Amino acid sequence: MRSSRFRLAAGQAALALAAALALLAGCPDKKPKYPNCAGDKDCKPGEHCVDKKCVQCRDDDDCEKGQRCEANACVAAEGWCESDADCPNFQVCKDHQCVACTSDADCPGGKCTDGACLRPGQCVKDEDCADDEDCVDGRCQRVGLGGPQPDTTCTLESVYFEFDSAALSAEARDVLAKDADCLKQESERSVYVIGHTDPRGTDEYNIALSDGRARAVADYLARLGIDPARFRIVPKGEADATGTDEESWKRDRRVDFEWQ
């Protein structure tokens with residue numbers, strides 16, 4: 001009887017051991033704690049397991065367009081572009097890289113100047129703009145438009161001209177003598193010398209005439225001792241003309257000053 005009970009107990013113990021071994025054999029390994037990993041399945045969607053660590057990328061192919069893989073992280077690729085709009089001013093997008101232009105064909109609607117793609121209204125120097133515009137922060141902007149003027153100790157007076165003439169009258173010379181005194185008082189300031197015409201004549205002719213008037217004034221002031229480097233000539237032609245008859249046209253034929 002004792003022998004039977006012993007054999008029964010031994011059999012039960014063997015069955016329990018077999019069951020425990022079977023359970024252990026079917027138990028999967030414990031999942032590593034993030035960001036540790038044994039494979040990509042242990043990482044977040046889109047991540048990869050590299051050297052048992054979950055990372056954003058293994059190589060450039062794992063990153064989006066315009067990015068590259070650096071130290072297992074996707075970063076913006078320097079100079080990469082999808083279109084010209086992604087590039088700095090004056091550059092164009094070629095083969096997804098921002099580069100200098102080589103011809104006008106690279107600048108639809110604009111022009112290529114010394115490697116700079118100048119679209120309408122853009123500039124790198126004053127010569128890229130119209131005669132009555134300056135290049136300011138890469139854009140052509142009109143000058144001499146009656147903007148706020150600085151506080152000064154004196155006022156520069158306009159001078160007037162006869163019809164179709166850039167010659168200075170005796171009255172104009174007297175006015176310029178006073179203007180020269182004012183410029184000497186404000187010796188640190190530069191000025192726009194702005195030429196105007198009445199509305200008669202072609203646009204091209206009036207621009208040339210207003211330029212001649214402004215230069216005649218600047219030359220005379222230089223003879224009175226004013227450094228010509230202080231002058232910016234602005235020929236505006238008939239752009240600001242308001243006259244409708246001979247009497248009012250007289251006021252259109254003039255040169256104005258504005259402090260820079």
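**Figure 1. The largest pocket holds about 250 Å³ of space.** In this predicted model, 13 residues line the largest pocket, and those closest to its centre are Y160, F161, E162, S169 and E171. Three elements each give two or more residues to the lining: strand β11, helix α2 (170-185) and helix α4 (246-252). Helix α2 is the main contributor here, giving the most to the lining with three residues. By character, the lining residues split into six nonpolar, five charged and two polar. As a reminder of how such spaces are found, rolling a probe the size of a water molecule over the atoms shows where empty space is left.

**Figure 2. An open sheet of four strands runs in the order β11-β14-β12-β13, with mixed pairing.** Its edges are β11 (159-160) and β13 (231-235), each of which pairs on one side only. Strand β11 is joined by two bridges to β14 (residues 254-259), and this pair runs antiparallel. Within that pairing, look for Y160, which stands opposite R254 of β14. Helix α3 (residues 203-223) packs on the sheet and touches β11, β12 (191-195), β13 and β14. The direction of helix α3 makes about 160 degrees with that of β13. Readers who have just visited the pocket will recognise Y160, one of the residues closest to the pocket centre. For orientation, strands of a sheet pair through backbone hydrogen bonds, either parallel or antiparallel.

**Figure 3. D203 of helix α3 and G237 come together in space.** D203 lies in helix α3, the helix that packs on the four-stranded sheet of the previous view. Along the chain, D203 and G237 are 34 residues apart, yet their C-alpha atoms are separated by 6.9 Å. Is D203 buried or exposed? D203 counts as exposed, because its relative accessibility is 52% and the cut-off for exposed is over 50%. For the chain as a whole, residues 24 or more positions apart account for 50% of the contacts with a separation of 6 or more.

**Figure 4. Strands β3 and β4 form a hairpin with two residues between them.** Four bridges join β3 (residues 67-70) to β4, and the two strands run antiparallel. One pair to find is E70 and A73, with A73 in β4 as the bridge partner of E70. In the turn, A71 has a positive phi of about 55 degrees. When looking along either strand, it helps to recall that in a regular strand the side chains alternate between the two faces of the sheet.

**Figure 5. Three loop positions show backbone geometry that deserves a second look.** Most residues other than glycine have a negative phi, and most peptide bonds are trans. The peptide bond from Y34 to P35 is cis, with omega near 10 degrees; P35 is found in the loop between helix α1 (2-25) and strand β1 (48-50). K52 is not a glycine but has a positive phi of about 65 degrees. This lysine sits in the loop between β1 and β2 (53-55). F90, also not a glycine, has a positive phi of about 80 degrees and lies in the loop between β4 (73-76) and β5 (91-94). Which of these two loop residues is buried and which is exposed? K52 counts as exposed, at 63% relative accessibility, whereas F90 is buried, with a relative accessible area of 19%. F90 falls on the buried side because the cut-off is under 20%.

**Figure 6. C117 and T113 are two buried strand residues.** C117 lies in strand β8 (residues 116-118) and counts as buried, at 0% relative accessibility. Which residues surround C117? Leaving aside neighbours within four places in sequence, C117 is in contact with F90, V92, C101, D106, C107, K111 and Q122. F90 in that list is the positive-phi residue from the loop view. The C-alpha atoms of C117 and T102, 15 residues apart along the chain, are separated by 8.7 Å. T113 is found in strand β7 (residues 111-113) and is buried too, with a relative accessible area of 17%. Not counting residues up to four places away in sequence, T113 touches C101, L118 and K125. C101 thus links the two neighbourhoods, since C101 is in contact with C117 and with T113.

**Figure 7. The whole chain puts these close-ups in context.** The protein chain has four helices and 14 strands. Of its 260 residues, 35% count as buried.

Terms used. Residues are numbered from 1 along each chain as its sequence is written. This is a predicted model: local features need pLDDT of at least 70, side-chain atom pairs count only at pLDDT 80 or more; totals for chains, interfaces and linings use all residues. Side-chain values use heavy atoms; hydrogens and water are left out. Two strands pair if DSSP finds at least two bridges between them. Contact means heavy atoms within 4.5 Å. Axes are lines fitted to C-alpha atoms, for helices over the stretch in contact, and angles run from 0 to 180 degrees between N-to-C directions. On a 1 Å grid over the protein atoms alone, a cavity is a set of points where a 1.4 Å probe fits but cannot get out, and a pocket is an open set with protein on both sides within 12 Å along at least five of seven lines; lining residues have an atom within 4 Å of a point. Grid points are joined across faces, edges and corners, and a volume is the space filled by probe spheres set on the points. Ala, Val, Leu, Ile, Met, Phe, Trp, Tyr, Cys and Pro count as nonpolar, Asp, Glu, Lys and Arg as charged, and the others, Gly among them, as polar. Buried means under 20% relative accessible area, exposed over 50%, partly exposed in between (1.4 Å probe, protein chains only).
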